[in-house]
Amino acid sequence: MTSAPDPIALGALAQAVAREAGVLLMERLPGTREVDTKTSPVDVVTEVDRASEALIVARILEARPDDGFLGEEGADMPSRTGVRWIIDPIDGTVNYLYRRPAFAVCIAAEVDGQIVAGVVYNPFLDELFAATLGQGATLNGVPIHVSTEARLAHALCGTGFDYRAEGRRVQATVLSRVIHEVRDIRREGSAALDLCAVACGRLDVYYERGVHLWDVAAAGLILREAGGRAEPLTGEPFSDGDTWLGTNAALYLDFRALIGGASGLDAPSKC
Ligand code: IPD
Ligand code: CA
Ligand code: CA
């Protein structure tokens, strides 16, 4: 019989599986080549993305055979328990391909539509970010918190760019308006690690247009549990392609107004 969806147990399973997938990523790192492209010629997938997702799904199914899945590389199964796992088997695939140390395995557990546990594991640095709903967030078991920076002009801001040229044209316009208003910009190459960076004070804010649920599900919970905000710019429930904001608590309103204005949107009414 399938066990009850206890968020702490789901989080522990996610952590164990993410660590195992991390070992796979590190073993296969040296010889990895792209095997396919997706939304554009520079949106690559490697055999390790697929192997990592297959491993994660297999391990979770061994423990919880009736759960559902949504994975970037195609996992898509309905849930018979109310639990759905949202997986990005490598966030930062381009970094992985170039052996740059900013890539991570992302696993989130969603129960009846709410993310209740999340893990983002960077095996290169052996950094494991984790959170359970209502229990705070940790990095390698140590509690983490967002920065207290409240001045937009002093905020270190992360962002990311689309794989498609048209998306990048819009992003370049928005970036040209944002860059004058903040301390500086960083582009790490992993949306999940960017959100975790805000969660532990390595960035103050982050935004990106065009993210997917698997990029932000686990890391968004980690940031919220670290005392920050992580949500779509619209303030509405997430849909694919939205602009996503991640901020410390102090900068949320100013940053949301900045990104809304730079994107040509009215500031959303919901706070
Ligand atoms: C990408 C990375 C990148 C972000 C893109 C994502 P992937 O994920 O997170 O930093 O800018 O929006 O799609 O393709 O490496 O899993
Ligand atoms: Ca991703
Ligand atoms: Ca990915």
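This dialogue walks through the surroundings of ligand 1 in a predicted model.

Reader: Where does ligand 1 sit, and which residues come nearest to ligand 1?

Author: It helps to begin with the space and then to look at the neighbours. The space taken by ligand 1 is the largest pocket, and of the 15 residues found around the ligand, those that come nearest are Asp 91, Gly 92, Tyr 163, Ala 191 and Glu 208.

Reader: Which strand gives the most to the shell around ligand 1?

Author: That is strand β5, spanning residues 83–91, which supplies three residues to the shell. Looking at domains as well, the shell draws at least three residues from domain 1 (7–143) and at least three from domain 2 (152–262).

Reader: How many residues of the shell are nonpolar, polar and charged?

Author: The shell around ligand 1 holds four nonpolar residues, five polar ones and six charged ones.

Reader: Which backbone atoms lie close enough to ligand 1 to make a polar contact, taking N or O atoms within 3.5 Å?

Author: One is a polar backbone atom of Ile 90, at 3.2 Å from an oxygen atom of ligand 1. A backbone N or O atom of Thr 93 is 2.9 Å from an oxygen atom of the ligand, and for Ser 190 the corresponding distance, again from a backbone N or O atom to a ligand oxygen, is 3.0 Å. Taken alone, ligand 1 exposes 380 Å², of which the protein buries 95%.

Terms used: Residues numbered from 1 in each chain as written. Chains lettered and ligands numbered in written order. Predicted model: local features only at pLDDT ≥ 70, side-chain atom pairs only at ≥ 80, totals over all residues. Heavy atoms only, no water. Near = heavy atom within 4 Å. Polar contact = N/O pair within 3.5 Å; in protein donor to acceptor, adjacent residues only side chain to side chain. Areas by Shrake-Rupley, 256 points an atom, 1.4 Å probe, with all protein chains shown as cover. 1 Å grid on protein atoms, 1.4 Å probe; cavity = no way out; pocket = protein on both sides within 12 Å on 5 of 7 lines; lining within 4 Å. Sits in = over half its atoms within 2 Å of the grid points. Helix = DSSP H or I, 4+ residues; strand = E, 2+ residues; numbered from the N terminus. Nonpolar A, V, L, I, M, F, W, Y, C, P; charged D, E, K, R; others polar. Domains from an automatic or database assignment.
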